[in-house]
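Colleague: I would like to go through this model with you, one feature after another. Could you take my questions in turn?

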Amino acid sequence: MSATPNAGETAVYLPSDAFVKNAHISGMAAYDALCQEAATDYQGYWGRLARELITWKTPFTQVLDESNAPFFKWFADGTLNASYNCLDRNIERGLGDKTALIFEADGGEVTKISYSELLAKTCQIANGLKSIGVGKGDRVIIYISMSIDGVAAMQACARIGAIHSVVFGGFSAQSVRDRVQDTGAKAIITADQQVRGGKHLPLKAIVDEALSLGGCESVQHVLVVKRTGAELPMTAGRDLWMSDVIAHQPTVCEPEWVEAEHPLFLLYTSGSTGKPKGVQHSTGGYLLHAALTTKWTFDLKADDVFWCTADIGWVTGHSYITYGPLALGGTEIVFEGVPTFPDAGRFWKMIQDHKVSIFYTAPTAIRSLIKAAEANAAVHPKSYDLSSLRLLGSVGEPINPAAWEWYYREVGGNRCPIVDTFWQTETGGHMITPLPGVTPMVPGSCTLPFPGIQAAIVDETGKDVPNGQGGILVVKKPWPSMIRTIWGDPDRFVKSYYPADFQGKYYLAGDGAIRDEKTGYFTITGRIDDVLNVSGHRMGTMEIESALVSCTELVAEAAVVGRPDDTTGEAICAFVVLKRSRPEGDEAKAIAKQLRDHVAKEIGPIAKPKDIRFGENLPKTRSGKIMRRLLRSLAKGEAITQDTSTLENPAILTQLDQTY
Ligand code: WTA
């Protein structure tokens, strides 16, 4: 592979001839032909791919039904089962003994499971779920950390047509309770504890707390997987050990053949207002795009070892751990723990030990590992044999060119293309991304739309903006893996994603973007709503504000904004007015800690504000509106250039300079 920076121009990196030659999609002409196929016959294109990649029980006769837009339906009269597609059919193709998952625990212990074994385990859990009365359409909350059991639990739900909703193991009891209530879940699958960085952390105890908060009457059973063997109180009649439930269950379970539109899962994600929304995905369209993008973007082949470092609590773990790679019969790594334990060489050592060939992670992880490697040569990628790698990927937030180049050089040995994949919980799979055997790469740009995806940049009225001019990122046509609705709130779905500004015709991503004047490459410029991206995790500012003001004994008012951060991308900055006088010094520090702990309890540790600033008041206009733009400047430490003449009390600006 060669870098071909022309003097004064951005560096362009080309895939090697050998990579291009062997890639599933090889060369720009192949990419253009696919885009052309989609442009000429959109439904024909997606229909062809759906027949090629998915095994249908009943073939569909209609590709796209737009009659109730924006509630689009794809492949609606087809039936299928996602777990059949991910497990049984690989076995039917002779892959029964192939390793499906390689699990590496926090302490380094490795467990491998073949396709046949994973199917048997999935079927036992599926039968176990049936034995406690869970069936098609019932919701199951999965609150578990990275494990073979977690993946199998998701597959088991899919097998019986139950709708899973995985809750990230770092979320609080409140968050679990909110999701139980919103989904009306019948069962919860959890583990006694989770292990992160050598520490044992509670899971089942948090479920107990969540259920004790009330309003969770829908939950009939809690199934508990043993991870650490910790002593736990079990509520008789409600709590069951998973091992007991599945012990005598048969290892076969006939898949429940569901309609393509049957919800496969709900996944909660932050929006700009209110509580997190339950993004609803379908079975057929979702599975198609998860499989297709795994094949084309990651160029997955039979002998690859694929590693996506995401947690199954996020969408990346759904599409690129539980569904995409398994649908293609791949071998993948599932890792428990953190990238920095036992030391910051964990990723590189695992790549070396397991001969990982495709590696997919987040910029925030790369940035923190750069820092660690610069401080300690022993955890530098050069200290490991990473020659098995052939492709790298990035997801979750914009990757800054310096981090891109380090990743390319130090991890990929100047040989591996990097796919900077832009997508969202709502999109189900990659939307704008290089294809590794096609696209000349420019660090910091997610380059071009995936073939068939009609991404565009428009102004507030929905008019296309010329290249070189920033605007609002939209998708002009529905695509198979798109969000179907927000669970229980179809109005919010329409308002959030198909707003009247664009006559309800375009999907609004919520990000700003700009296209390069010459190449047309997309660069994402960040969220245009009140959603922050902290270490690749989406956080609504309103959610954090309401968590802060729910500390009623202390907080009168709070406003939260983001500011750039070298490691986490964005950092949370909270401006707080207390019910008592403004604290200073050690007292302010103590209260800041108390507030952080409160937010961790309400949402989870990832939502803790990095900066807390106290004022007697917040900067407001005379009509009482919080001046958020001004708060953003304060958070960044910028000189105030905004007009402050409408500010009711300019003196508070000095107070709000002090960070705790
Ligand atoms: C951001 C994660 C720039 C973006 C799959 C989006 C990115 C939000 C990229 C979705 C990327 C994701 N470049 N920004 N390659 N990938 N984003 O729902 O702001 O957790 O809207 O899905 O992350 O986050 P979500």
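Colleague: At what angle do helix H4 and helix H6 pack?

Modeller: This is a predicted model, and what I give you is computed from it. Two packed helices are described by the angle between their axes and the distance between the axes. For helix H4, residues 82-95, and helix H6, residues 148-160, the axes are 7 Å apart, and the angle is about 115°.

Colleague: Which residues of H6 are met by H4, and what is the hand of the crossing?

Modeller: H4 brings Ala82, Ser83, Tyr84, Cys86, Leu87 and Asp88 to the contact, and these meet Gln155, Ala158 and Arg159 in H6. By class, that contact of H4 with H6 has 5 nonpolar, 2 polar and 2 charged residues. As for the hand, the crossing in which H4 passes H6 is left-handed.

Colleague: Turning to the ligand, which helix and which strands each supply at least two residues of the shell around it?

Modeller: There are 17 residues around the ligand, and Asp420, Thr421, Thr425, Asp511 and Arg527 come nearest. By class, the shell has 6 nonpolar, 6 polar and 5 charged residues. The elements that each supply at least two residues of this shell are helix H11 (315-327), strand E22 (418-421) and strand E27 (522-527).

Colleague: How much of the ligand's accessible area does the protein cover?

Modeller: Polar side-chain atoms of aspartate 511 and arginine 527 lie 2.4 Å and 2.8 Å, respectively, from an oxygen atom of the ligand. In the side chain of asparagine 533, an N or O atom is 3.3 Å from an oxygen atom of the ligand. Of the 520 Å² of accessible area that the ligand has on its own, the protein covers 95%.

Colleague: Which residues does the cis peptide bond at proline 342 join, and in which loop does proline 342 lie?

Modeller: The bond joins phenylalanine 341 and proline 342, with omega about 0°. Proline 342 lies in the loop between strand E19 (331-335) and helix H12 (346-354).

Colleague: And where is proline 70 found?

Modeller: The peptide bond from alanine 69 to proline 70 is cis, its omega being near 0°. Proline 70 is found in the loop between strand E3 (64-65) and strand E4 (73-74).

Colleague: Last, what is the phi of lysine 355?

Modeller: Lysine 355 has its place in the loop between H12 and strand E20 (358-361). Its phi is positive, in a residue other than glycine, and the value is near 50°.

Note on methods
Residues numbered from 1 in each chain as written. Predicted model: local features only at pLDDT ≥ 70, side-chain atom pairs only at ≥ 80, totals over all residues. Heavy atoms only, no water. Near = heavy atom within 4 Å. Polar contact = N/O pair within 3.5 Å; in protein donor to acceptor, adjacent residues only side chain to side chain. Areas by Shrake-Rupley, 256 points an atom, 1.4 Å probe, with all protein chains shown as cover. Helix = DSSP H or I, 4+ residues; strand = E, 2+ residues; numbered from the N terminus. Nonpolar A, V, L, I, M, F, W, Y, C, P; charged D, E, K, R; others polar. Axes fitted to C-alpha atoms, helices over the stretch in contact; angles between N-to-C directions. Left-handed = near helix turned anticlockwise from the far one by under 90°. Contact = heavy atoms within 4.5 Å.
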